[in-house]
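User: Please take a close look at one part of this model, and then set that part in the context of the whole chain. I would like the accessibility classes explained as you go.

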Amino acid sequence: MSTHPHHKPEDIVREEGAQLDFSHDMSYGDYLHLDEVLNAQHPLSPAHDEMLFIIQHQTSELWMKLMLHELQGAITALASPDNTKPEAFKMLARVTRIMEQLVNAWTVLSTMTPPEYTAMRPWLANSSGFQSAQYRCIEFALGNKNAAMLKPHAHKPELLAKVEAAWRAPSLYDEALRLMAREGIDVPADRLQRDWTQPYEASPGVQEAWLTVYRDPHAHWDLYQLGEKLTDIEDAFRLWRFRHVTTVERVIGFKRGTGGTGGVSYLRKMLDVVLFPEIWSLRTEL
């Protein structure tokens with residue numbers, strides 16, 4: 001039997017010296033602006049499950065905000081003339097972990113059954129995750145450029161400017177190829193300077209460049225690590241997309257999406273988009 005006297009919870013707090021008065025100091029809630037965050041849920045329908053739907057998407061947007069922060073930091077680091085590759089690798093590893101969080105989030109939303117979603121769907125009107133500006137910036141940063149996807153943001157000039165900037169900028173993969181060229185790998189010139197607003201197209205010359213790296217990893221260790229970080233990201237992104245389409249099919253079947261797309265049919269087409277094609281095709285050639 002323990003010889004220590006039983007402590008009441010209030011005694012433990014007192015003995016530990018925990019600060020309890022925040023009338024003049026910044027508190028946890030103040031630092032995180034929790035009043036704003038926790039009062040940003042405004043269900044429009046009487047349906048109990050709308051709160052799940054709102055919080056699922058709001059928290060996903062928060063994770064996407066962090067993902068964009070890390071992606072932009074990694075792109076900047078890869079483009080730097082200084083040796084900032086280790087910093088980029090850390091950020092890219094974090095992007096993969098964030099995507100894993102987003103994959104798991106679909107598991108929570110999948111607890112919403114078709115009748116529960118149908119009860120709140122009329123209140124969504126034409127709003128849809130298809131219109132997420134942050135998601136579009138992530139797609140653009142990863143190289144899936146599409147000028148048509150600027151239009152959903154045309155009604156908000158500041159938002160449009162951010163999405164358009166991502167559309168016009170070199171993607172993560174573009175900067176990876178430019179880094180390879182600076183490191184002495186022979187990369188086709190038409191992949192080093194091009195119209196960044198166009199989606200990337202696979203190149204036999206780029207595959208040869210990556211094969212140079214993968215055939216002798218120790219001679220090109222940093223670029224080899226970069227290739228695997230890109231593989232991790234696309235692997236996780238494919239899972240995110242797959243969980244999205246299966247959750248949507250589970251909840252609404254093959255109905256059209258609220259944003260006007262074919263819903264599941266549109267999402268299934270997105271499964272076929274390959275972001276870093278030579279990273280995958282080189283494996284067959286090795």
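Analyst: Y28 counts as exposed because its relative accessibility is 63%, and the exposed class begins over 50%. The model to which this value belongs is predicted. Y28 lies in helix 2, which covers residues 28-32. Together with M26, Y31 and L32, Y28 makes a nonpolar surface patch of about 520 Å².

Just beyond this patch comes a backbone feature. H33 is found in the loop between helix 2 and helix 3, the latter spanning 34-38. The phi angle of H33 is near 50°, a positive value in a residue other than glycine. With a relative accessible area of 44%, H33 is partly exposed, because that class lies between 20% and 50%. A125 also has a positive phi, about 55°, although it is not a glycine. The place of A125 is in the loop between helix 6 (114-120) and helix 7, and with a relative accessible area of 52% A125 is exposed.

The wider setting of these elements is helical. The protein chain has 13 helices and zero strands, and its pattern along the sequence is one α element after another. Along the principal axes, the C-alpha atoms fill a box of roughly 70 × 55 × 45 Å. Of the 286 residues in the protein chain, 40% are buried.

Several of these helices meet at the second largest pocket, which holds about 330 Å³ of space. The pocket is lined by 16 residues, and the closest to its centre are L68, Q72, C137, K162 and A166. At least two lining residues come from each of helix 4 (50-79), helix 7 (133-141) and helix 8 (157-168). Helix 7 gives the most to this lining, with five residues. By class, the lining comprises 11 nonpolar residues, four polar ones and one charged one.

Q72, one of the residues closest to the pocket centre, lies in helix 4. Q72 counts as partly exposed, because its relative accessibility is 48% and the exposed class requires over 50%. From Q72 to M99 there are 27 residues along the chain, and the C-alpha atoms of the two are separated by 15 Å.

Charged side chains form the next layer of the picture. Side chains of opposite charge can pair when their charged atoms come close. In this model the count comes to 12 salt bridges. One of them joins K85 and E183, with the closest N and O atoms 3.6 Å apart. This pair links distant parts of the chain: K85 is in helix 5 (residues 85-109), E183 is in the loop between helix 9 (172-182) and helix 10 (204-215), and the two are 98 residues apart. K85 is buried, because its relative accessible area is 7% and the buried class covers values under 20%. E183, in contrast, counts as partly exposed at 41% relative accessibility.

A second salt bridge is formed by E175 and R178, whose closest N and O atoms are 3.5 Å apart. Because E175 and R178 are three residues apart in helix 9, about one helical turn separates them. E175 is buried, with a relative accessible area of 7%, whereas R178 is partly exposed, with a relative accessible area of 23%.

A third salt bridge pairs R215 with E208, and here the closest N and O atoms are 4.0 Å apart. R215 is exposed, with a relative accessible area of 51%, while E208 is partly exposed, with a relative accessible area of 43%. Elsewhere, salt bridges that share partners join K85, E183 and D222 into one network.

To return to the starting point, Y28 belongs to a patch that is nonpolar, and the lining of the second largest pocket includes 11 nonpolar residues. The salt bridges described above include one that links distant parts of the chain, K85 to E183, and one between residues separated by about one helical turn, E175 and R178.

Note on methods: Residues are numbered from 1 along each chain as its sequence is written. This is a predicted model: local features need pLDDT of at least 70, side-chain atom pairs count only at pLDDT 80 or more; totals for chains, interfaces and linings use all residues. Side-chain values use heavy atoms; hydrogens and water are left out. On a 1 Å grid over the protein atoms alone, a cavity is a set of points where a 1.4 Å probe fits but cannot get out, and a pocket is an open set with protein on both sides within 12 Å along at least five of seven lines; lining residues have an atom within 4 Å of a point. Grid points are joined across faces, edges and corners, and a volume is the space filled by probe spheres set on the points. Helices (H or I, at least four residues) and strands (E, at least two) are DSSP runs, numbered from the N terminus. Ala, Val, Leu, Ile, Met, Phe, Trp, Tyr, Cys and Pro count as nonpolar, Asp, Glu, Lys and Arg as charged, and the others, Gly among them, as polar. Patches are made of residues with over 30% relative accessible area and no salt bridge: like charges are joined within 9 Å, nonpolar side chains (Val, Leu, Ile, Met, Phe, Trp, Tyr) within 5 Å. Accessible areas come from the Shrake-Rupley method with a 1.4 Å probe; for residues, only the protein chains shown count as cover. A salt bridge is a side-chain nitrogen of Lys or Arg within 4 Å of a carboxyl oxygen of Asp or Glu. Buried means under 20% relative accessible area, exposed over 50%, partly exposed in between (1.4 Å probe, protein chains only).
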